[in-house]
Amino acid sequence: MREIEDFTLIGKTILRREDSYLLRGKAQFLDDLPEPRGLIHLAFVLSPHASAEILAIDTAAARALPGVIDVLTGEDLAADVPPYAPVIELAGYRGVARPVVARGRVRHVGEYVAVILAESPYAAQDALDLVGVEYEPLPAVATIADGLAPGAPVVHEALGDNVIFRTRFATEGFEARFAAGEVVLEEEFSLGRVTGVMIEPRGCMAWPDPIATGITLWTSTQIPHIVRTAIAEHLGMAEANLRVVTPAVGGGFGTKCHLYPDEILVVALARRYGRAVKWVQDRREDLLTNVHAREHVLRLRVAVGRDGVIAAADLDVRTNCGAYPNHPFSPTLEATAAVRMMPGPYRIRAYRYEAASVLTHTAPTGAYRGTGQPSAFLAIEGMMDRIGRRLGLDPAEVRRRNVVRPEDFPYVNVVGVRYDTGSYLPSLERGLEMIGYDAFRRAQPADRLVDGRYRGIGICNYTEVSGTGAPGWRVRGFARMPGFDSSRVVVEPDGRVAVYVSQADAGQGHFTTFAQIAADRLGVAWEDVTVIEGDTAKTPYGTGTFASRGSVVGGGSVIRGSAKVGEKIRRIAGYMLGCEPSRLALGGGRVFDRDDPGRGLTLREVAETAYSMNNLPLPQGEEHGLEATDYYDPPMVTMANGTHVVEVAVDPDDGRVEILRYAVVHDCGRVINPKIVAGQVHGATVQGIGEALMEEIVYDGGGQHLNASLLDYLIPTAMDAPDLALGHIETPSIDTVAGIKGAAEGGLTGAVPAIANAVGDALAGLGVSITRVPLRPSTIVGLIAAARAARAGAA
């Protein structure tokens with residue numbers, strides 16, 4: 001599909017137009033929006049128990065508090081707000097529904113038990129302590145192992161056990177191929193539970209139309225059209241009567257691409273009371289109730305030849321679903337991502353996997369930057385290092401021997417995913433060169449000890465799923481995931497351009513990059529392009545912004561829509577100039593004859609004719625207006641790729657890890673705006689550093705959340721961010737519009753395994769095996785102590 005080459009603005013660094021108002025505090029986030037008269041403020045009573053029966057709820061004292069309008073329980077809402085569930089059509093999935101407010105039973109700490117309606121947020125907060133709830137605590141399971149144990153408490157009794165999803169796959173003749181391997185290695189890897197921790201927690205406000213019967217829902221979501229469809233279906237509304245608008249969004253990272261109970265509830269209550277209804281989350285609620293992610297256990301076995309080439313791989317994955325399936329993805333999202341991505345950039349042709357998602361009495365899990373990819377690459381990249389140590393090969397050489405090579409493209413991997421283009425080997429070699437890998441290895445002592453600290457180097461060579469189209473979602477069971485995105489490109493009567501995109505910006509720079517794309521294709525100044533998105537009443541239908549799809553799908557649609565408008569411009573201008581449209585080009589705000597550039601018209605002159613703003617007729621059969629709508633459904637997936645190489649020093653006394661040098665090579669195909677791509681890679685890499693070294697949501701054995709504050713849930717600061725040496729390789733896709741691939745998740749996906757491998761390399765002389773993240777100082781001190789004790793015992 002890559003037929004476009006005449007770029008003028010695509011590929012250029014243009015400063016983000018968003019930064020002007022963001023840095024001056026002029027952006028309007030959800031809580032900055034003007035509040036209508038008569039606004040109802042909500043506050044939620046949260047369950048303190050992981051598993052309990054609700055015996056009674058006494059709301060009398062709260063109702064009597066001045067300023068409180070009402071207090072509603074799940075029973076009060078049952079008639080008009082039923083439980084909801086994602087629609088998943090995939091063998092092995094057993095769905096359960098989630099109540100908007102609990103009825104009779106709570107299944108995780110933080111589940112909504114009652115909702116306060118008040119005239120002010122202060123009255124709503126004061127009323128929370130006055131609601132008396134009588135519980136009968138029940139046994140709970142918090143971990144995957146506990147959920148799978150014989151006789152474990154069952155989270156949803158109707159299922160009979162805690163496995164909500166299970167799937168299996170094996171290539172033909174797998175057992176024979178595995179048996180043919182000369183060496184077998186096996187390891188179990190695991191990742192702690194994390195969450196997005198956006199700078200802006202979630203919030204929503206439903207506002208009834210004072211004239212008509214519609215409702216406008218303002219919500220900080222990444223998926224406005226999907227939210228609109230789901231709420232309208234759930235509440236029995238006509239979609240035309242519900243408008244979803246996304247204000248400025250302070251980060252999403254996947255956490256905000258789910259449908260939450262509060263979004264449904266504010267719409268339902270706005271209908272019931274005929275007044276606007278608002279709820280804004282605080283940080284404790286964010287950490288307790290928003291979807292979490294990861295908490296995966298992966299057991300990987302590989303059979304390899306003595307040359308280090310993998311003959312077969314066998315993967316078993318377990319993921320923690322939490323108490324309910326998230327909407328719209330369900331727990332199949334992370335489980336299928338991990339097993340389908342594990343082959344990565346390597347030529348693994350014999351493969352077997354089993355994946356299971358386990359229900360527990362914890363907050364639901366779902367999408368977070370990278371989904372199952374950091375888990376998959378922690379396993380396969382960790383195994384690459386182990387193959388090297390076992391066979392006496394350099395870890396980089398093991399990767400070279402297994403990687404998909406340039407001459408192999410287009411390549412279809414073992415689970416049927418097409419890699420149309422890629423730079424898997426060139427990225428690896430460039431990353432090694434940037435960090436001085438060979439020189440480091442020559443100087444590295446056998447015990448890794450330099451100036452009192454253990455030094456090591458780690459590699460992650462990864463692929464990155466991006467721009468998934470409808471076929472890619474269907475194969476994973478997501479029956480209600482459109483896959484496509486769309487744009488409406490309009491040249492207004494003044495010759496300036498408006499672009500309406502189905503996505504919703506959450507800080508990625510859409511208002512710059514989409515303007516840049518449209519300006520490039522229509523030959524206008526990018527300052528003359530206005531981008532509108534995040535409003536279902538203004539933009540055409542689409543999937544939204546997540547999973548590295550903004551530039552691939554949204555940008556692809558803008559290119560295609562601009563091309564359609566460009567053709568109409570040429571037709572009208574050709575008629576006005578008396579020449580063939582094929583001879584005309586767009587540039588500098590004009591349409592002109594390629595062979596005689598002085599012969600032409602301004603875009604405004606063409607637009608005036610299109611909108612009948614002068615006395616000139618249109619060509620026979622041409623409609624008025626100058627706009628086009630495009631719906632772009634990309635291929636199943638588009639594969640970006642990259643390599644992270646990181647050098648660390650580990651202090652054996654206190655367990656601290658210092659990142660000494662960090663090199664990233666990233667290939668996202670056609671780069672639209674290099675500065676914005678660099679920002680995506682930098683930000684995602686720092687998030688990966690957090691996941692590798694510090695971030696983890698901690699539950700105790702009874703399902704109590706132990707660190708629901710930023711005093712205890714640590715995230716990276718500027719002091720933790722290293723200087724990144726960043727290199728770009730452009731290998732344009734041959735399957736997507738303009739060769740674009742995604743750029744948003746590779747930084748995190750590559751960082752987690754690379755850092756884990758670097759620490760593992762640093763401690764290899766002690767016999768320490770790194771199998772789990774995060775690698776907090778206490779964890780590393782414990783590993784070193786255990787390794788030293790084991791050596792002393794052996795002696």
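Is C460 buried or exposed? In this predicted model, whose local features need pLDDT of at least 70 and whose side-chain atom pairs count only at pLDDT 80 or more, while totals for chains, interfaces and linings use all residues, C460 is buried, with a relative accessible area of 0%; buried means under 20% relative accessible area, exposed over 50% and partly exposed in between, with a 1.4 Å probe and protein chains only. Residues are numbered from 1 along each chain as its sequence is written, and side-chain values use heavy atoms, with hydrogens and water left out.

The structure holds zero disulfides, a disulfide being a pair of cysteine sulfur atoms within 2.5 Å. Two cysteines are set out below.

| Cysteine | Nearest cysteine sulfur | Relative accessible area |
|---|---|---|
| C257 | C321, 15 Å | 1% |
| C460 | C668, 17 Å | 0% |

The largest nonpolar core, a set of buried Ala, Val, Leu, Ile, Met, Phe, Trp, Tyr and Cys residues joined through side-chain atoms within 4.5 Å, has 164 residues, and those with the most contacts inside it are L42, L217, V267 and I755. Helix α20 (residues 746-762) gives the most to this core, with nine residues; helices are DSSP runs of H or I, at least four residues, and strands are runs of E, at least two, numbered from the N terminus. Domain 2 (33-138 + 199-251 + 256-289) and domain 3 (293-470 + 635-794) both contribute residues, so the core lies between them, the domain bounds coming from an automatic or database domain assignment. Another core, of 44 residues, lies apart from it and includes I559, L601, L626 and A628.
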